[in-house]
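Grab a pencil and work through these exercises with the model open beside you. Try each task before you read its solution.

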Amino acid sequence: MYYINRLKDLREDKDLKQAEIAVVLNRTRQQYQLYESGKRKLPIEKLIILCKFYNVSADYILGLITEPRELCEK
């Protein structure tokens, strides 16, 4: 689950706290922390929200590519 590293890196690059991302996902900080730690799998609908929020493609978050690619539409 390479995406757990990307979740943390993207969040830290924006100087955001887990609680702030949890609000974006309509989750508690504790629930988001489980995604970021890999203890709970990230649902696809939450992945889509994060892609739009960070303006990066899902293949970047999932670790399929090494350089972020911006989304065409937000």
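**Exercise 1.** Work out whether Phe53 is buried, partly exposed or exposed, and find the patch that Phe53 helps to make.

*Solution.* Start with the number: Phe53 has 39% relative accessibility, so Phe53 counts as partly exposed. The cut-offs are under 20% relative accessible area for buried, over 50% for exposed and partly exposed in between, with a 1.4 Å probe and protein chains only. Before going on, note that this is a predicted model, where local features need pLDDT of at least 70, side-chain atom pairs count only at pLDDT 80 or more, and totals for chains, interfaces and linings use all residues. Residues are numbered from 1 along each chain as its sequence is written, and side-chain values use heavy atoms, with hydrogens and water left out.

Next, place Phe53: this residue sits in helix 4, residues 44–54. (Helices are DSSP runs of H or I with at least four residues, numbered from the N terminus.) Finally, Val24, Ile49 and Phe53 make a nonpolar surface patch of about 210 Å². Patch members have over 30% relative accessible area and no salt bridge, and nonpolar side chains are joined within 5 Å.

**Exercise 2.** List the buried residues of helix 1, then say which helices they pack against.

*Solution.* Helix 1 covers residues 3–13, and its buried residues are Tyr3, Ile4, Arg6, Leu7, Leu10 and Arg11. Look down the helix axis: these residues fall within an arc of 160°, so they line one face of helix 1. The arc is taken from the directions from the helix axis to the C-beta atoms. Now see what they pack against: helix 2 (18–25), helix 3 (29–37), helix 4 and helix 5 (58–61). Contact here means heavy atoms within 4.5 Å.

**Exercise 3.** How many salt bridges are there? Track down the partners.

*Solution.* The rule asks for a side-chain nitrogen of Lys or Arg within 4 Å of a carboxyl oxygen of Asp or Glu. That gives three salt bridges.

- Glu12 pairs with Lys8, with the closest N and O atoms 4.0 Å apart. They are four residues apart in helix 1, which means about one helical turn between them.
- Glu36 pairs with Arg11 at 2.8 Å between the closest N and O atoms. This pair links helix 3 to helix 1, 25 residues apart, and both residues are buried.
- Asp59 meets Arg69 at 2.6 Å, N to O. Asp59 is in helix 5 and Arg69 in the segment after helix 5, ten residues apart. Asp59 is buried at 16%, whereas Arg69 is partly exposed at 47%.

Key
Patch = residues over 30% accessible without salt bridge, like charges linked within 9 Å, V, L, I, M, F, W, Y side chains within 5 Å. Areas by Shrake-Rupley, 256 points an atom, 1.4 Å probe, with all protein chains shown as cover. Helix = DSSP H or I, 4+ residues; strand = E, 2+ residues; numbered from the N terminus.
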